[in-house]
Amino acid sequence: MSEVQRERIKTRIIEAVSMMIISGEIKDPRLNTLCSITDCTLSPDYAYATLYVSSPFSDGSVEKSVKALNSASSFIQGRLGKILKTRNTPVLTFKLDSAFREGEKLNELISSLVKDENDGQS
């Protein structure tokens, strides 16, 4: 399949799973509806998909949400099969996306360095 088609499938997977989370279709008390799917990687044969989950909160709810999504992955895969209408639906795996937190740490580090530099010049 072409790269355009690959990107289209990845986008459809992200949108569909995000809508399932937001709408409350996945009924797991551990799942925080404010978490979001940030990225999706597909295997070359489209048999496996890894979805990365992120949240602006750092209270541990993201880890619980990832566990909830992994336990509901077969349910999500079934729903996704009806939405994608492809021959095979990829097996889903959810992982924590820590890029948001790492970005915050980098911003804090840069801010502290700029502040230290400004304090030293005064």
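**Figure 1. Surroundings of Leu 69 in helix α2 of the predicted model.** Leu 69 is buried, its relative accessible area being 0%. The residue belongs to helix α2, which covers residues 61-71. When neighbours within four places in sequence are left aside, Leu 69 is in contact with Ile 21, Ile 26, Leu 31, Val 53, Ile 76 and Phe 94. One of these partners, Ile 21, is 48 residues away along the chain, yet its C-alpha atom and that of Leu 69 are separated by 9.1 Å.

**Figure 2. The crossing of helices α1 and α3.** Two packed helices are described by the angle between their axes and by the distance between the axes. Here, helix α1 (residues 3-23) and helix α3 (residues 73-84) have axes that come within 10 Å and cross at roughly 125°. At this angle α1 is oblique to α3. The crossing of the two helices is right-handed. On the α1 side, the contact involves Arg 12, Ile 13, Ala 16, Val 17 and Met 20; on the α3 side, it involves Ile 76, Arg 79, Leu 80, Ile 83 and Leu 84. Of the residues in this contact, eight are nonpolar and two are charged, while none is polar.

**Figure 3. The cysteines Cys 35 and Cys 40.** A disulfide is a covalent bond between the sulfur atoms of two cysteines. The count of disulfides in the model is zero. Cys 35 takes part in no disulfide, and the nearest cysteine sulfur, that of Cys 40, is 15 Å away. Seen from Cys 40, the closest cysteine sulfur is in Cys 35, and the 15 Å between them is too far for a bond. Cys 35 counts as buried, with a relative accessibility of 6%. Cys 40 is also buried, at a relative accessible area of 0%.

**Figure 4. Tyr 46 in the loop between β1 and β2.** Most residues other than glycine have a negative phi. Tyr 46, although not a glycine, has a positive phi of about 65°. The loop that holds Tyr 46 lies between β1 (36-42) and β2 (48-54). Tyr 46 is buried, with a relative accessible area of 12%.

**Figure 5. Lys 85 in the loop between α3 and β3.** Lys 85 is a residue other than glycine with a positive phi, near 55°. Lys 85 is found in the loop between α3 and β3, the latter spanning 91-96. With a relative accessibility of 72%, Lys 85 counts as exposed, whereas Tyr 46 of the preceding figure is buried.

Technical notes:
Residues are numbered from 1 along each chain as its sequence is written. This is a predicted model: local features need pLDDT of at least 70, side-chain atom pairs count only at pLDDT 80 or more; totals for chains, interfaces and linings use all residues. Side-chain values use heavy atoms; hydrogens and water are left out. Axes are lines fitted to C-alpha atoms, for helices over the stretch in contact, and angles run from 0 to 180 degrees between N-to-C directions. Helices (H or I, at least four residues) and strands (E, at least two) are DSSP runs, numbered from the N terminus. Angles under 35 degrees count as roughly parallel, over 145 as roughly antiparallel, 65 to 115 as roughly perpendicular and the rest as oblique. A crossing is left-handed if the near helix is turned anticlockwise from the far one by less than a right angle, and right-handed if clockwise. Contact means heavy atoms within 4.5 Å. Ala, Val, Leu, Ile, Met, Phe, Trp, Tyr, Cys and Pro count as nonpolar, Asp, Glu, Lys and Arg as charged, and the others, Gly among them, as polar. A disulfide is a pair of cysteine sulfur atoms within 2.5 Å. Buried means under 20% relative accessible area, exposed over 50%, partly exposed in between (1.4 Å probe, protein chains only).
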